[in-house]
Amino acid sequence: MIDKKKTITVLAYISMAVFVVFLLRLWQLQILKGSYYRKQSEKNRVRVFKIPAPRGIIFDRNGIPLVKNAPYFIASLIPGLSKKGLNLSGLSKLLDTSVEDLSEKIANRKKHVLEPIRLKEGLSFAQVARIEARRSDFPGLVVETEITRAYPYGSTGAHLIGYLSLPTEAQLRKGLFAGTPRGTFVGQWGVEALYDKRLKGVPGKRFIEVDALGRQLRTLKVVPPQKGEELTLSVDIRTQKTAEEAFKGKAGALMALDPQSGEVLALVSLPSFDPNLFVRGISQKQWNRLQRHPGHPFLNRVFQSQYPPGSIFKIVTAIAALEEGVVDENFSVDCTGEIHVGIWKFSCWKGQGHGKTALRKAIVESCDIYFYEIGRLLGMDRIAKYANALGLGIAPGVKLSAERKGLIPTTSWKLRKKGIPWYLGETFNAAIGQGYVSITPAQAALMIAAIANGGNVYRPELLKDQPGPEPIAKLSLSPKTLRIIRDSLVAVVEDRKGTGGTARSEIVRIAGKTGTAQVIKIPEVVKKKLANKYRDHAWFVAYAPVKNPSIAVSVFVEHGGHGGETAGPIAKATIEAYMKSSGYYVETPAKN
């Protein structure tokens, strides 16, 4: 009897213990981890699909769209909807890809059975139509759509506008695009990259309820995507197109600015590339061709290349001499075609000499001997001070691409870098923009824009109508110096002996300065018999209209020879295109 009572008691305790265990487990499931399991349940019941956001459109300053959004089609397979024994052979023929490639992609999936596996991307409309016609033969095969770009102007302005493409694996792991959803297009170059965050918008979401087998039951909710911000650039695409065509296939760079605001009106770097190649995935063959192109089309010559400025630098030397009071406008030298310093001979580009030459004539006819002499009176450090005040030797800070600063040497720079003192002959070379002096085409544009606006160097602005120009340097010029320099630059274009006559226009008065930068120092007659790479570089800087300038432009033609010969006509075409585009009235034609 006692044993039976003990047995009942033990069983009662066991039952209570089991009950407590179940109660604790229930508490754990319902209370302690209730939130977690509710989320898991919801996750199994609800699938969330991304809705791509339309990217913001980029316009030129006149409201002309420079890009278009375009669909990007992807053939994907949803494993949960696919039957066993998928016809891989038939699928490979339909998608025009190998069975091995399909098998690898399907085998490597680490996703839920309802999440699509991308089998082939960048489909054409014809491929999409063919897939849609055969979809019933391949259950689970779907065509997904992303949004990418089309660039209607092709290579025109490619270094400015940039391009869009899928991020690489390395970009997804770190840097700016870390955490970006796979398959999302991002800006990789130019404005597309610089303003990617503003342009890309916010993707939407579609919440789908599914059953235990993963079959779609109904749409629970749709969060619409938010379109990216639209941007209006300061560039004028008609001027841009004219400027690029004016190069006639030559390599080089051009930057046109509004001198009053710093807005970029045109930005040319040639040779260029077609950004449309990247939006559907550039082929290895196309990529190799671009990489091996001898003209280096991915080099943004406006900011990334630095060259001797040649005679456009004489503007700086002339300003320094006037402002420092070492000469006045009547100071003259007798140019006989050469000057001797010790055993060294320094020549003028005009072998027979210019004769008696004062400042205006020296600028108009670009007399080297005159600038050797005022360089001697100034010294290199005073020339460098004025060059820096005009934005030379300073990175403009546009951030469109990596920028080079060029080089404005000083006596202390040479001693520090070379360990030897500065020589007079080096001042001679620097005074005419040769020797150690180097600048970028962007800096040349800033310099001539500052002459046009009275001495303010503004950071180039890519967006239109931004609040106030941002000064990065300033040259305080006396009104007299400004008048002398401006009058001389007008005469460079309009005087019979001016070196910039090729820039003379019938619709607007242009002021400018030519430059020819030596690549190797040998007689011109010999250079013409050598390969193009040994020819001099051509420069031209200009602004217009002479009264109230609204455009300043720098033109650089790689191995273009004399600046007046090749760069002058490009500057003229660019300025005239902008005048017409902006509705400028016809000024009094230049006198012949």
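Here are two short exercises, with worked solutions, on a predicted model.

**Exercise 1.** How do the axes of helices α16 and α19 cross, and which residues of α16 meet α19?

*Solution.* Start by finding the two helices: α16 covers residues 368–378 and α19 covers residues 424–431. Next, compare their axes, which come within 8 Å and cross at roughly 125 degrees. Angles from 65 to 115 degrees would count as roughly perpendicular and those over 145 as roughly antiparallel, so α16 and α19 are oblique to each other. Then look at the handedness: the crossing of α16 past α19 is right-handed. Finally, pick out the side of each helix that takes part. From α16 come Phe371, Tyr372, Gly375 and Arg376, and they meet Leu424, Thr427, Phe428 and Ala431 of α19. Sorted by class, this contact has 5 nonpolar, 2 polar and 1 charged residues.

**Exercise 2.** Trace the open sheet of 5 strands, then work out which helices pack on it.

*Solution.* Begin with the strand order, β12-β11-β21-β20-β19, in which the pairing is antiparallel. Now check the ends: β12 (264–270) and β19 (511–517) each pair on one side only, as edge strands. From one strand to the next, the twist averages 5 degrees. Zoom in on β19 and its antiparallel neighbour β20 (residues 537–544), joined by 7 bridges. Here Thr514 has Phe540 in β20 as its bridge partner. Now add the helices. Helix α21 (residues 479–494) packs on the sheet and touches β19 and β20, its direction making about 70 degrees with that of β19. Helix α23 (residues 563–581) also packs on the sheet, touching β11, β12, β19, β20 and β21; its direction makes about 145 degrees with that of β21.

Key
Residues are numbered from 1 along each chain as its sequence is written. This is a predicted model: local features need pLDDT of at least 70, side-chain atom pairs count only at pLDDT 80 or more; totals for chains, interfaces and linings use all residues. Side-chain values use heavy atoms; hydrogens and water are left out. Axes are lines fitted to C-alpha atoms, for helices over the stretch in contact, and angles run from 0 to 180 degrees between N-to-C directions. Helices (H or I, at least four residues) and strands (E, at least two) are DSSP runs, numbered from the N terminus. Angles under 35 degrees count as roughly parallel, over 145 as roughly antiparallel, 65 to 115 as roughly perpendicular and the rest as oblique. A crossing is left-handed if the near helix is turned anticlockwise from the far one by less than a right angle, and right-handed if clockwise. Contact means heavy atoms within 4.5 Å. Ala, Val, Leu, Ile, Met, Phe, Trp, Tyr, Cys and Pro count as nonpolar, Asp, Glu, Lys and Arg as charged, and the others, Gly among them, as polar. Two strands pair if DSSP finds at least two bridges between them.
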